[in-house]
Amino acid sequence: ELANDSDTAFLAGSVSAYLDGRFVGQSELVTIARGQPFTLGFGADPQLRANRRLTNRDDDVRGGNQVIELAYDLSIENFSDQSVPLRLYDRLPISDDDAALNIELLDTSEPLSEDALYVQVERPEGLLRWDTTLEPNLAGSEALRVQYSYVLECDRSFSLTTPDSGALQLNFREFQQERQLR
């Protein structure tokens, strides 16, 4: 996370990111005003590994509705000998029709972020965010683990689908652009 502390605005366009003199990735920036904070990624850190695993799924029918309870286990390993600030994201399902789908987060092993902007803008969109520090040399059974569960309830005739990969990539790009604007 940075702020434009220069005397001029950064114009929208492509950004090539370098870290310690080596190219680590490319991104797109929206126009950034003087003094405006923004987020810029510097590629994947090869010292970190993340894994997401579905640990439980219970399907039930209650009063004509299908009820699905899901539990996930997220694990993050740090092979570096340094602490790393970590912002971990995952997503709950969302629907264009709020009345058709009811989702309730049941439990999280770690508290969700209390960042005001996250709570106001991203959390209502189904994003889950944890802010923590990943201690050095955490791997295997020592890895940071975050577990959470939620219940999804909808009419039995409601069709649950996953968007195709193109739609997911577009959604992710839009998410990144919106984050840069905040």
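Student: Arg 52, how exposed is that one?
Tutor: Arg 52 is partly exposed, at 43% relative accessibility; buried means under 20% relative accessible area, exposed over 50%, and partly exposed in between, with a 1.4 Å probe and protein chains only. This is a predicted model, where local features need pLDDT of at least 70, side-chain atom pairs count only at pLDDT 80 or more, and totals for chains, interfaces and linings use all residues. Residues are numbered from 1 along each chain as its sequence is written, and side-chain values use heavy atoms, leaving out hydrogens and water.
Student: What does Arg 52 form a salt bridge with?
Tutor: With Asp 90, the closest N and O atoms being 2.8 Å apart. A salt bridge here is a side-chain nitrogen of Lys or Arg within 4 Å of a carboxyl oxygen of Asp or Glu.
Student: And is Asp 90 buried or exposed?
Tutor: Asp 90 is buried, at 11% relative accessible area.
Student: Where do the two sit in the chain?
Tutor: Arg 52 is in strand β5 and Asp 90 in strand β7, 38 residues apart. Strands are DSSP runs of E, at least two residues, numbered from the N terminus.
Student: Switching to the sheet, what is the strand order?
Tutor: The open sheet of 4 strands runs β5-β6-β10-β8, with antiparallel pairing; two strands pair if DSSP finds at least two bridges between them.
Student: Which strands stand at the edges?
Tutor: β5 (48-62) and β8 (101-108), each with a single partner strand, so one side of each has no neighbour in the sheet.
Student: How many bridges join β5 to β6?
Tutor: 14, with β6 covering residues 65-78.
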